[in-house]
Amino acid sequence: MALVFSAELMADRDAASTATPLPIEAELVARAKQGDDEAFAQLVSMFQNRVFNFVVARVRHRQQAEDVTQEVLVKAYFSLNKLREPSKFKSWLFSIAHNHLRDLMRRRKLETTDVEECHTEHYVDPDTPEKEMKRQRTRETVWNALVKLKPEQCEILVLCDIEGLSYREIAEIMRVPLGTVQSRIFYARRKLRVILTTELSYLGDEI
Amino acid sequence: MLTALADGEIADDRMREKLQSHLDGCEECRNEYALQLEMKSKVSELEPDAAPPSMITRVMAEISHRQRKRVVWRWSYAYAGAAAIVTVLAVLGGTLFVHPSAPGVYKSLPETAPAPLTLSRPSDANGYGSFAELVVERHEEARELLKVRDEWTPELEQIVQRLSDEEDGESLYKELPEENAEDEGERAAEEE
């Protein structure tokens, strides 16, 4: 079945995601660009968890993920004048994080430790401990499987499935064509399925 | 295309319907589509980690630290630039007014300036009146030194020639061991 994958076919989701930025976000960016540090601090509080989550999926080491997140946010502050469209602050921030992580990878400055160190213990309902424990175990396994993917596959799934960014936004962040975004997601999910099948069957669980 | 369908990225209704009808009749694509949806759901369910509460403080502290550092660096660059300009001007000034390596620079000056060598000849109480005056002063000192060298050079050459004269086949250094030999001979005779 031959289908042409074009940008026009995907316009709606992209338009929906970019046309509804938080109005306060653009306003804060405009104020921060004029030197209002308080506005930038508010932006940090709005986006620090998103950046941290994106970074921790790649870095696998909590302390280092904190340092990298800090560096990304500081870089954003000093590069704020380069941001042309304040409404695209979020994807711009992710592109800084993506480039910074790539640089660290090139310089081999990323530590690789077990992801279990990174994730905090979640609340377990005492009434249904077994069910909850199983769910939690599955979540941990999915995290572990996610970080076993190639760096670009891991990043793309976090951006698409956790952050809910459109293909066009992801293409801008990673500086790749739309077709590459689609194929990377396709193969990343396939690989994820293989890893999960192996790990969950080892634990005696089902996917 | 199945990935885009699972992610809701296909805006064109006709294309979406076309894909759906294809999925109804193709098991392989149906399975692939199910896999894409399932993995999307698994990742979407992950609970995001939270950055530490101190992150804002850390970020803002680092920003102000770097801003201070930038100011210091800017001043350092300004000082370094000023120092470089002063050095370049001094070197250029020296090169334009006096070029000691140029051949015959001293000889080219007129001989009608037989002023005696003086250590300083300030035109006013504070020192030299101008840079040109300083150059003339240094030139005269150099001329005096050259004159002394010209006077002493032949005499020195004669002394050296005399000391190392080898016409009679003997040198100061060769005489020493012979004297020692004679002394030893006399000492041996006395002992006997």
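**Helix packing in chain A and the interface with chain B**

In this predicted model, helix α4 of chain A, spanning residues 62-78, and helix α5 of chain A, spanning residues 89-106, have axes that come within 9 Å and cross at roughly 125°. Because of that angle, α4(A) counts as oblique to α5(A), an angle over 145 degrees being needed for a pair to count as roughly antiparallel. The handedness of the crossing can also be given, since α4(A) passes α5(A) in a right-handed manner under the convention used here.

The residues that form this crossing can be followed on both helices. On the side of α4(A), the contributors are A:V68, A:E71, A:V72, A:K75 and A:A76, and they meet A:L93, A:I96, A:A97, A:H100 and A:L101 of α5(A). Sorted by class, the residues of this contact comprise seven that are nonpolar, one that is polar and two that are charged.

From this pair of helices, the view can be widened to the whole of chain A. Chain A holds nine helices and zero strands, and its pattern, read along the sequence, is accordingly written α-α-α-α-α-α-α-α-α. Of its 207 residues, 34% count as buried. As for how the chain contacts itself, among the contacts between residues at least 6 apart in sequence, 68% join residues that are at least 24 apart.

The next step leads from chain A to its partner, where 43 residues of chain A are in contact with 33 residues of chain B. On the chain B side, the elements that give two or more residues are α1 (2-6), α2 (13-25), α3 (27-44) and α4 (55-97) of chain B. Of these, α4(B) gives the most, with eight residues. The side of chain B that touches chain A has, by class, 18 nonpolar, five polar and 10 charged residues.

One residue of chain B allows a closer look at how the two chains meet. B:M55 has its place in helix α4 of chain B. Is B:M55 buried or exposed? It counts as buried, because it has 20 C-beta neighbours inside 10 Å, and 20 or more is what the term requires. Leaving aside residues up to four places away in sequence, B:M55 touches A:Q48, A:T69 and A:Q70. Two of these partners, A:T69 and A:Q70, fall within residues 62-78, the span of helix α4 of chain A, which brings the account back to the helix with which it began.

Terms used: Residues are numbered from 1 along each chain as its sequence is written. Chains are lettered from A and ligands numbered from 1 in the order in which they are written. This is a predicted model: local features need pLDDT of at least 70, side-chain atom pairs count only at pLDDT 80 or more; totals for chains, interfaces and linings use all residues. Helices (H or I, at least four residues) and strands (E, at least two) are DSSP runs, numbered from the N terminus. A residue is buried if 20 or more other C-beta atoms lie within 10 Å of its own, exposed if 12 or fewer, and partly exposed in between; C-beta atoms are placed from the backbone. Two residues are in contact if their C-beta atoms, placed from the backbone, lie within 7 Å. Ala, Val, Leu, Ile, Met, Phe, Trp, Tyr, Cys and Pro count as nonpolar, Asp, Glu, Lys and Arg as charged, and the others, Gly among them, as polar. Axes are lines fitted to C-alpha atoms, for helices over the stretch in contact, and angles run from 0 to 180 degrees between N-to-C directions. Angles under 35 degrees count as roughly parallel, over 145 as roughly antiparallel, 65 to 115 as roughly perpendicular and the rest as oblique.
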